[in-house]
Amino acid sequence: MVELKDLRVVFMGTPDFAVASLDALVKAGANIVGVVTGPDKQAGRGMKYTETAVKKYAVNHKLPLLQPEKLRNPIFLEELKKWNADVQIVVAFKMLPEIVWDMPPMGTINLHGSLLPKYRGAAPINWAIINGEKETGVTTFQLKHEIDTGNILVKGILPITENETAGELHDQMMVLGGKVLVETIQGLITNTISPQPQDDIEGYPAPKIFKEDCEINWNSDLDKIHNFIRGLAPYPAATTTILDRQFKIYKIEKEITQVDTTNPKILCDNKTYLKIKTKNGYASILELQQLGKKAMNIQDYLRGNKFEL
């Protein structure tokens, strides 16, 4: 009988989110014959070269490593073929050309941060919270041409709590993803998983979020504003301008109350609170970061920065 240690696995990924899955596979006894990640990049003031989180893990665990600039590079493809993988696993990596994902006999399995077919795209964690979902999860599926549309293998469900941020959900999902991935590989080995085609639904896109998408609309519903802010926290972070000062807003508290045009737009005692009027109440800002300064809670900010109302 084939076991996990008998399967030749190539792992592809880049950030910490992917490391948790790679680590789960290694600890479960998977035979990782190679790792593919992005090339080192220059970053920071000194423009020093930095390694991906997956590369650091691979080096520390003495796993064979490839860092192609381009996935269609003939030299890379030849090296990848030499690993003779039974299956490839992709977690938080770039889009693969067919010549790569179709290479192993068992194909390529992707771990996605949503309950597919909901939230196909680059930012599923953010959009699930922004849209006020009460639950989300992770899905393993078989890669094919269209992005995030392959046959579903295993799902893992996570609740989304009232004040949970994208960062907090990311960390939970990271751990769950590793467990689901191991379950998926074991299920494929034992033939206890039956791949299921995805429903062809519309209305749940999760596109990449750009800087211009992060501006808060304070005239919106307070629940929507709350979801928007926590769905972008801590990165890329919701942004706003208050009395000519630019801020990232990380956390608010909802104060639902009746408002009209005579209510002041901004309430602040310059000691303990800063509140912004919305469609149906006030958003009491709890954590923020002024451009060029460090992030802090509102009391610490107001201790050294006063507003003239």
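A residue counts as buried when its relative accessible area is under 20%, and as exposed when that area is over 50%. Gly 38 makes a handy starting point for this predicted model. The relative accessibility of Gly 38 is 9%, so Gly 38 counts as buried. Gly 38 sits in the loop that links strand E2 (31-36) with strand E3 (41-43). Apart from neighbours within four places in sequence, the residues in contact with Gly 38 are Thr 14, Thr 52, Gln 67 and Phe 93. Pro 68 lies 30 residues from Gly 38 along the chain, yet the two C-alpha atoms are separated by 6.5 Å.

Lys 224 offers a counterpart to this glycine. Lys 224 belongs to helix H7 (residues 222-231), and with a relative accessibility of 57% it counts as exposed, because the cut-off for that class is over 50%. From C-alpha to C-alpha, Lys 224 and Val 9 are 43 Å apart in space, with their positions 215 residues apart in sequence.

The overall picture comes next. The protein has 309 residues, of which 49% are buried, and its secondary structure amounts to 8 helices and 15 strands. The C-alpha trace spans about 75 × 45 × 30 Å along its principal axes. Of the contacts between residues at least 6 apart in sequence, 63% join residues at least 24 apart.

One sheet in the model is open and contains 7 strands, in the order E5-E2-E1-E6-E7-E8-E9, with mixed pairing. Its edges are strand E5 (65-66) and strand E9 (152-159), each of which pairs on one side only. Helix H6 (residues 166-189) packs on this sheet and touches E6, E7, strand E8 (135-142) and E9. The direction of H6 makes about 150° with that of E9. Within the sheet, strand E6 (residues 87-91) and strand E7 (residues 108-112) are paired in the parallel sense through 4 bridges. Here Val 90 stands opposite Asn 110 of E7.

Attention now turns to a pair of helices. Helix H1 (residues 16-27) and helix H2 (residues 53-60) have axes that come within 8 Å of each other and cross at roughly 30°. Angles under 35 degrees count as roughly parallel, and H1 and H2 are therefore roughly parallel to each other. On the H1 side, the contact is made by Asp 16, Ala 18, Val 19, Leu 22, Asp 23 and Val 26, while H2 contributes Ala 53, Val 54 and Tyr 57. Sorted by class, this contact comprises 7 nonpolar and 2 charged residues, with no polar ones.

Several further details describe H1 itself. Its buried residues are Phe 17, Ala 18, Val 19, Ser 21, Leu 22, Asp 23 and Leu 25. Ala 18, Val 19, Leu 22 and Asp 23 thus appear among the buried residues of H1 and also in the contact with H2. The length of H1 can be checked as well: at 1.5 Å a residue, its 12 residues should span 16 Å, and the end C-alpha atoms are 16 Å apart, which agrees. The expected span is 1.5 Å times one less than the number of residues. Just after H1, Gly 29 adopts a positive phi of about 95°.

A further set of strands can be described around strand E14 (residues 281-290). E14 is mostly covered, with 8 of its 10 residues buried. Strand E11 (residues 245-256) runs antiparallel to E14 and is joined to it by 9 bridges. In this pairing, Glu 255 stands opposite Tyr 282 of E14. Strand E13 (residues 274-278) is also antiparallel to E14, through 4 bridges, and there Lys 277 is the residue opposite Tyr 282. Tyr 282 therefore has Glu 255 opposite it in one pairing and Lys 277 in another, because E14 pairs with both E11 and E13, each through at least two bridges.

Hairpins involve E14 with two strands. E13 and E14 form a hairpin with 2 residues between them. The hairpin of E14 and E15 has 5 residues between the strands, and in it Gly 292 takes a positive phi near 90°. E14 and strand E15 (residues 296-297) run antiparallel and are joined by 2 bridges, with Leu 288 opposite Met 296 of E15.

Terms used:
Residues are numbered from 1 along each chain as its sequence is written. This is a predicted model: local features need pLDDT of at least 70, side-chain atom pairs count only at pLDDT 80 or more; totals for chains, interfaces and linings use all residues. Side-chain values use heavy atoms; hydrogens and water are left out. Contact means heavy atoms within 4.5 Å. Axes are lines fitted to C-alpha atoms, for helices over the stretch in contact, and angles run from 0 to 180 degrees between N-to-C directions. Angles under 35 degrees count as roughly parallel, over 145 as roughly antiparallel, 65 to 115 as roughly perpendicular and the rest as oblique. Ala, Val, Leu, Ile, Met, Phe, Trp, Tyr, Cys and Pro count as nonpolar, Asp, Glu, Lys and Arg as charged, and the others, Gly among them, as polar. Buried means under 20% relative accessible area, exposed over 50%, partly exposed in between (1.4 Å probe, protein chains only).
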